[in-house]
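Here's a quick tour of a structure you haven't met yet. Have a look at it first, then read on.

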Amino acid sequence: MEESSIKAVGINYTIALIGAAPDRDHVGPFLDRLAQGIGDVMTAALTTFNAGLRSYYYALAGLAWIVGPWEMGIASVLLTSMLVWRQVASPAARSFQIALDAVQEAQEAMKSE
């Protein structure tokens with residue numbers, strides 16, 4: 001199976017699991033397992049999706065080799081810098097970190113109850 005179709009299947013499975021989940025009144029003791037399973041499927045799908053996107057970015061940088069080796073090197077360095085910025089310092093990364101901190105604090109509070 002092609003990697004892009006694997007990603008689509010993973011995202012489709014996630015959507016199907018969310019749609020098939022029982023309502024809050026009936027999920028009871030299965031909530032943790034259900035949330036973990038859905039999260040694991042979505043994590044796998046998005047990990048391969050992000051890897052696929054990065055490979056396209058680097059393929060575009062590799063096209064700079066047509067111009068010359070220095071240009072390819074410069075394009076690769078610029079691309080890597082952009083990807084590091086997106087992963088660490090972009091507004092989306094900062095917002096994600098704030099949300100992740102809140103989730104971790106909530107989990108710690110639940111453990112201490």
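## The largest pocket

The largest pocket has a lining of 25 residues, and those nearest its centre are Thr 43, Leu 46, Asn 50, Phe 96 and Leu 100. Two or more lining residues come from each of helix 3 (31-63), helix 4 (69-88) and helix 5 (91-112). Helix 3 is the top contributor, with 12 residues. By type, the lining splits into 14 nonpolar, 8 polar and 3 charged residues. Here Ala, Val, Leu, Ile, Met, Phe, Trp, Tyr, Cys and Pro are nonpolar, Asp, Glu, Lys and Arg are charged, and the others, Gly among them, are polar.

The volume of this pocket is about 1100 Å³. A pocket is an open set of points on a 1 Å grid over the protein atoms alone, where a 1.4 Å probe fits, with protein on both sides within 12 Å along at least five of seven lines; lining residues have an atom within 4 Å of a point. Volume is the space filled by probe spheres set on the points, which are joined across faces, edges and corners.

## How far to trust it

This is a predicted model, so local features need pLDDT of at least 70 and side-chain atom pairs count only at pLDDT 80 or more, while totals for chains, interfaces and linings use all residues. Residues are numbered from 1 along each chain as its sequence is written, and side-chain values use heavy atoms, with hydrogens and water left out.

The average pLDDT (the predictor's confidence in each residue, from 0 to 100) is 84 for the protein, and 93% of the residues score at least 70. Among the elements, helix 4 has the highest mean, 92, and helix 1 the lowest, 72. Where pLDDT is low, the predicted coordinates shouldn't be read in detail. Helices are DSSP runs (H or I, at least four residues), numbered from the N terminus.

## Along helix 3

Does the length of helix 3 add up, or what span should its 33 residues have? At 1.5 Å a residue they should cover 48 Å, and the end C-alpha atoms are indeed 48 Å apart. The expected span is 1.5 Å times one less than the number of residues.

The buried residues of helix 3 are Ile 38, Ala 45, Gly 52 and Ala 61. Buried means under 20% relative accessible area, exposed over 50%, and partly exposed in between (1.4 Å probe, protein chains only). Gly 52 makes the list because its relative accessibility is 7%. Asp 40, also found in helix 3, is partly exposed at 45%. Both can be placed against Gly 10: the C-alpha of Asp 40 is 9.8 Å from that of Gly 10, with their positions 30 residues apart along the chain, while Gly 52 is 42 residues away in sequence and 14 Å away, C-alpha to C-alpha.

## Contacts from helices 1 and 4

Thr 14 belongs to helix 1 (residues 3-20). Its relative accessibility is 2%, so Thr 14 counts as buried. Leaving out residues up to four places away in sequence, Thr 14 touches Ile 38, Val 41 and Met 42; contact means heavy atoms within 4.5 Å.

Over in helix 4, is Leu 83 buried or exposed? Leu 83 is buried, at 11% relative accessibility. Outside its neighbours within four places in sequence, Leu 83 is in contact with Arg 54, Tyr 57 and Tyr 58. Arg 86 lies in helix 4 and is partly exposed, at 42%. Arg 86 touches Tyr 57 and Ala 93, again not counting residues up to four places away in sequence.
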